[in-house]
Amino acid sequence: QLDPSKLKAFSNAAAGHDGVLSDPSGELLIKPCVDAEINFYQETLAKHPDFAELMPTYMGTLSLGAPKVPSDAHKPELSQQEKDQARLHGVKIASETAIVLENLEHGFKCPNVLDLKLGSMLYDPATTEPEKAARLDKVSQESTSGSLNFRVAGMKVWSPTKQDFDIYDKFYGRKFSAENVSEAYETFFAALFSSDIKGDDAVQLLETILAEVTKARHILEKAQSRMYSASVLIVCEGDTTALNSLLGAVGPSVPSGDERAPTAKELKRAEAEEEEDEEAEPVAFKVKMIDFAHAKWTEDGGRDENTIKGLKNVEQLLDGLIGKFD
Ligand code: ADP
Ligand code: MN
């Protein structure tokens with residue numbers, strides 16, 4: 001059982017609002033959210049299990065008690081410092097309820113994180129106030145959101161020389177154009193170009209990531225949905241030594257040469273080890289769709305071209321990066 005008083009701030013987000021929490025073990029991510037996001041997770045699990053596989057594992061909801069932020073009606077004027085803070089990180093969501101998700105960074109030694117925000121239309125036109133709509137239209141027009149239906153919302157990348165993460169905030173991603181946004185990909189995947197990593201391994205990793213994005217697109221192409229400002233989140237091991245051993249293990253399994261069938265004793269032992277082994281195996285990367293505050297499955301809305309076009313362009317840029325290894 002999760003004890004809300006034992007939660008700690010999750011300081012590893014690549015983008016988004018403040019107020020995200022983690023449990024003491026770091027396996028779980030607790031994100032204050034609106035009801036629409038909870039509904040989307042639950043409906044997806046019930047009706048779109050194929051898409052659910054592309055989301056972080058959903059563990060349920062958690063009540064965080066009364067919101068610390070007063071409701072809008074009684075909100076005091078923000079100080080300049082608070083305004084700056086809000087501008088940089090996005091204000092906390094004034095919500096009592098949180099979703100409990102698999103923490104996608106858990107199990108990585110140095111989790112590099114890339115948040116790609118999808119869509120050129122960034123808000124639900126039916127429910128958004130004109131002032132916010134105008135602000136988001138401007139951000140879209142002035143960034144690759146408008147031209148490519150996706151933009152870099154934020155990223156963090158492990159720097160071996162600094163022995164710390166380089167942080168790229170939301171303003172970093174807004175400066176790119178369709179012509180040069182590949183530079184952001186190159187910065188995020190810089191480790192793959194290091195001499196420690198074999199070109200073939202890098203290509204295989206990028207192709208696997210690309211295939212996951214394609215999977216998401218194919219599902220949306222067959223469904224009726226609307227997602228405004230959802231993201232593709234790519235987590236990739238940033239420690240080259242750890243990455244190298246993981247990549248070496250990726251390829252098709254080769255028969256060991258030891259063709260003798262395992263003895264009953266060996267089998268029993270392997271089973272016991274599997275059960276003991278509660279920690280998931282470390283992986284080289286994870287690709288998931290996140291951020292469904294403005295997402296819904298619809299009955300008659302048709303395909304979500306706004307999101308589908310973004311996914312296509314995310315794929316195309318990944319393909320371009322793969323081409324650089326030839
Ligand atoms: P919002 O943008 O509305 O604040 P997001 O769902 O996009 O909320 O989450 C914000 C940030 O938190 C993301 O950019 C990502 O870095 C991090 N994050 C969100 N969900 C997870 C998760 N399940 N595991 C790890 N990190 C996550
Ligand atoms: Mn987000």
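**Exercise 1. Two residues with positive phi**

Asn149 has 23 C-beta neighbours inside 10 Å: is Asn149 buried or exposed, and what is its phi?

Solution. The coordinates are those of a predicted model, in which local features need pLDDT of at least 70 and side-chain atom pairs count only at pLDDT 80 or more, while totals for chains, interfaces and linings use all residues. Residues are numbered from 1 along each chain as its sequence is written, and chains are lettered from A and ligands numbered from 1 in the order in which they are written.

Step 1: apply the burial criterion, under which a residue is buried if 20 or more other C-beta atoms lie within 10 Å of its own, exposed if 12 or fewer, and partly exposed in between, with C-beta atoms placed from the backbone. Asn149 counts as buried because it has 23 such neighbours inside 10 Å.

Step 2: turn to the backbone. Most residues other than glycine have a negative phi. Asn149, although not a glycine, has a positive phi of about 60°, and its place is the loop between α5 (144–148) and β7; helices (H or I, at least four residues) and strands (E, at least two) are DSSP runs, numbered from the N terminus.

Step 3: set Gln163 beside it. Gln163 is not a glycine either, and has a positive phi of about 55°. This residue lies in the loop between β7 and β8 (164–168), but Gln163 counts as exposed because it has 8 C-beta neighbours inside 10 Å.

**Exercise 2. The pair α8 and α11**

Describe how α8 and α11 pack, starting from the length of each helix.

Solution. Step 1: compare each span with the expected one, which is 1.5 Å times one less than the number of residues. Helix α11 (residues 305–323) has 19 residues and reaches 27 Å between its first and last C-alpha, close to the expected 27 Å. Helix α8 has 23 residues and reaches 32 Å, close to the expected 33 Å.

Step 2: list the buried residues. Those of α11 include Ile308, Leu311, Val314 and Leu318, and its buried residues pack against elements among which are β6 (111–118), α7 (182–188) and α8 (199–221). In α8 the buried residues include Leu206, Ile209, Val213 and Leu220, and the partners of its buried residues include α9 (240–248), β11 (285–290) and α11.

Step 3: obtain the geometry. Two packed helices are described by the angle between their axes and the distance between the axes. Here the angle is about 165° and the axes are 9 Å apart, which makes α8 roughly antiparallel to α11. Axes are lines fitted to C-alpha atoms, for helices over the stretch in contact, and angles run from 0 to 180 degrees between N-to-C directions; angles under 35 degrees count as roughly parallel, over 145 as roughly antiparallel, 65 to 115 as roughly perpendicular and the rest as oblique. The crossing of α8 past α11 is left-handed, a term for a near helix turned anticlockwise from the far one by less than a right angle, with clockwise giving right-handed.

Step 4: inspect the contact, where two residues count as touching if their C-beta atoms, placed from the backbone, lie within 7 Å. Residues of α8 including Leu206, Ile209, Val213 and Arg217 meet residues of α11 including Leu311, Val314, Glu315 and Leu318. The contact residues divide into 13 nonpolar, 2 polar and 6 charged, where Ala, Val, Leu, Ile, Met, Phe, Trp, Tyr, Cys and Pro count as nonpolar, Asp, Glu, Lys and Arg as charged, and the others, Gly among them, as polar.

**Exercise 3. Pairs separated in sequence**

Which residues does Val152 contact, leaving aside its neighbours within four places in sequence, and how many Å separate the C-alpha atoms of Glu43 and Trp297?

Solution. Step 1: Val152 lies in strand β7 and is buried, because 27 other C-beta atoms lie within 10 Å. Its contacts beyond four places are Leu116, Tyr172, Gly173, Phe176 and Ala184.

Step 2: Glu43 lies in helix α1 (residues 35–47) and is partly exposed, with 15 other C-beta atoms within 10 Å. Its C-alpha atom is 8.2 Å from that of Trp297, 254 residues apart along the chain.

Step 3: consider the protein as a whole. Residues 24 or more positions apart account for 81% of its contacts with a separation of 6 or more, its secondary structure comes to 11 helices and 12 strands, and 34% of its 326 residues count as buried.
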